[in-house]
Amino acid sequence: MTGLLLAATLALGVARADPLALRHAGVEGAAAGVLGLPLTSVGAWRGDWGLALSSRDLAMASLEGARRWRGDQGRNELQLSAGLGALWLEPGMSGHLGLSLLRHAEGRRVGWTGSLSLPASLRLLGAAAPGPVEARLPLLLGNQLGVRAGDLWLGPVLELGLVVSPGRPLATAGQLGFVVAGPARARSSG
Amino acid sequence: MWWLLLACAPQGPGTLLLAPDPDRSGLAGAQGPHGAAWVRASTAARVEERLRLEVVFPADAQGWLAEEGPFPAVALVQGGLVDVEQYRWLSAWLASRGYLVVAALHDHRLALLAADDSAIALSAVERWSAREGLLSGAADPDAPAAILGHSLGGATAAVEWVQDERFLAMGLLASFPADFTPVEEVDRPALSLYGSTDEVVDPSLVVDGFARLAGPALLGEVQGLNHHGWFDDPRARDVERDGPLEGDLDTLRGQAMAVVDTFLDAWLREDPQALLAFEQGDFEGVEERR
């Protein structure tokens, strides 16, 4: 079932580049897909190591690895991620490094996750770079509600933040989507 | 292999907005002899985002780039919740006079959300100018450009003008720089135009914003023009909040464009007659308030 969901998300191929899916898979599942705009992401955990494939605006694709540390019976979580992206709109490569802090809480059927994420991206190669390297530091504050449906976790995703690049005016970042994570498993303390 | 196509510069021809006509004078306040056509394309922004943009360029009768390039570039910043295509009359006007108009399509039609999109769009057009394709030879990356913004787009244009010296000249159309934008630190030329019946933008804010400009500048009040006369097809409920148009819209736009044309010719083409006219500030239907 999870494989089908991930395949469907991949096939639909909509929205984004920090390993968003891994943040949501961290809710309770081993794998997750986020269908959204501008970022779509699928990811899976094996133990505390994760792998995510993401696409933003269908303008790039990135593959990222992540490590997580969990505490307070899985309610608090720290994730560190790194990866590489391929950009084809203006051909090039990007590099990503991210740090996310998450807090989970849930009732019998409804739960929420709050996250504070600091993904940074660099354009490593490519014609669109105004200089040799461009840094991106979106500060994303996320919060999502979800419901348990059998073995799955379903819920909306909303994140807002700022993009800070040296020498450039501030820009905003936003993410709207829908997460499917599963299968649900008992939390393990970190 | 569709992604390989996305990586290419725009291919032509563009969609014709205005057919060429050698009888159009192209004097300040009149359309020029070129045709005008538009094309849309995407470029990468802020490392990995997709930024869509529209380019309106001097064109021949088939919608291909006119031969006299490279053309001076003008970045156009849309007003809040206004579509870029609603300014095509203005873009076509400028393109007919030999200007290349580059307009970023801002997310949610709110330019302030990403103030450097116009600079990114201009960079993309400069790269495409150096490649094979519709816009090959369209722009000279070493030539000065101008940035024009309407309403909220003007506040964004001011941010970019301060930030990016490629934008030699700035034009504010029914707009003013935000308090936090340090326009007083810039001594490059600027133009501020607003309509006498504009009831959307507070004229005192326009005047105060103009007073902060440090370089050669002109403030003009277009007699009888309102806020929504700057773009086509405004929503009825927005127009209700605006003052009335007092006169024929085409005439009022022509009088406003005489000032814009003079401003651009003076600073992007270094036309001495235009420079003199800009300094004198004597335009029909426009009260100079320098």
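## A buried glutamine in chain B

A residue counts as buried when its relative accessible area is under 20%. With that cut-off in hand, we can start with Q255(B) in this predicted model. Q255(B) has a relative accessibility of 17%, so it counts as buried.

Where does Q255(B) lie? Its home is helix α7 of chain B, which covers residues 249-268. Setting aside the neighbours within four places in sequence, Q255(B) is in contact with E284(B), G285(B) and V286(B). For a sense of distance, take A92(B): Q255(B) and A92(B) are 163 residues apart in sequence, and their C-alpha atoms are 16 Å apart in space.

## Two enclosed helices

Let's move on to helix α3(B). This helix has 13 residues, and the distance from its first C-alpha to its last is 18 Å, close to the expected 18 Å at 1.5 Å a residue. Of those 13 residues, 12 are buried, so α3(B) is largely enclosed by the rest of the structure. Among the buried residues are D117(B), E126(B) and R127(B), along with I120(B), L122(B), V125(B) and W128(B).

Helix α4(B) can be read in a similar way. Its 12 residues should span 16 Å at 1.5 Å a residue, and the end C-alpha atoms are 17 Å apart, which agrees. Nine of the 12 residues of α4(B) are buried, so this helix is largely enclosed by the rest of the structure. The buried residues include G153(B), G154(B), A155(B), T156(B), V159(B), E160(B) and W161(B). What covers them? The cover over the buried residues of α4(B) includes α3 of chain B, as well as the strands β4 (73-77), β6 (145-150), β7 (167-173) and β8 (190-195) of chain B.

## An arginine with two acidic partners

Side chains of opposite charge can pair when their charged atoms come close. Over all chains, the structure holds 25 salt bridges. A good place to look is R46(B), whose side chain meets that of D116(B) in a salt bridge at 2.8 Å, N to O. The pair links distant parts of the chain: D116(B) is in the loop between β5 (100-104) and α3 of chain B, R46(B) is in the loop between β2 and β3 of chain B, and they are 70 residues apart. D116(B) is buried, with a relative accessible area of 3%, and R46(B) is buried too, at 6%.

The side chain of R46(B) also meets that of D117(B) in a salt bridge, here at 2.9 Å, N to O. D117(B) lies in helix α3 of chain B and R46(B) in the loop between β2 and β3 of chain B, so this pair ties together parts that are 71 residues apart in sequence. Both D117(B) and R46(B) are buried.

## A bridge with one exposed partner

R241(B) and D238(B) give another salt bridge between side chains, at 2.9 Å, N to O. Are these partners buried or exposed? R241(B) is exposed, with a relative accessible area of 56%, whereas D238(B) counts as buried at 13% relative accessibility. Turning to chain A, salt bridges that share partners join D48(A), R67(A), R68(A), R70(A) and E77(A) into one network.

## Chain A in outline

Chain A has two helices and 11 strands. Along the sequence, the pattern is α-α-β-β-β-β-β-β-β-β-β-β-β. Of the 190 residues in chain A, 51% are buried. Among contacts in chain A with a separation of 6 or more, residues 24 or more positions apart account for 50%.

## Where the two chains meet

The contact takes 27 residues from chain A and 22 residues from chain B. About 2,200 Å² is buried between the two chains, and carbon and sulfur atoms give 54% of that area. On the chain B side, V47(B), E48(B) and R50(B) lose the most area to chain A, together 34% of what that side buries.

Two salt bridges are found across this interface. E90(A) and R131(B) meet through their side chains in a salt bridge at 3.2 Å, N to O. There are also six residue pairs in polar contact across the interface, with both residues at pLDDT 80 or more. On the side of chain B that touches chain A, α1 (2-6), β2 (35-45), β3 (49-59), α3 (117-129) and α4 (152-163) each supply at least two residues. By class, that side of chain B has 12 nonpolar, three polar and seven charged residues.

Conventions: Residues are numbered from 1 along each chain as its sequence is written. Chains are lettered from A and ligands numbered from 1 in the order in which they are written. Side-chain values use heavy atoms; hydrogens and water are left out. Contact means heavy atoms within 4.5 Å. Buried area is the accessible area (1.4 Å probe) that two parts lose on being put together, summed over both. A salt bridge is a side-chain nitrogen of Lys or Arg within 4 Å of a carboxyl oxygen of Asp or Glu. A polar contact is a pair of N or O atoms within 3.5 Å; within protein, one must be able to donate a hydrogen and the other to accept it, and residues adjacent in sequence count only if both atoms are side-chain atoms. Helices (H or I, at least four residues) and strands (E, at least two) are DSSP runs, numbered from the N terminus. Ala, Val, Leu, Ile, Met, Phe, Trp, Tyr, Cys and Pro count as nonpolar, Asp, Glu, Lys and Arg as charged, and the others, Gly among them, as polar. The expected span of a helix is 1.5 Å times one less than its number of residues. Buried means under 20% relative accessible area, exposed over 50%, partly exposed in between (1.4 Å probe, protein chains only).
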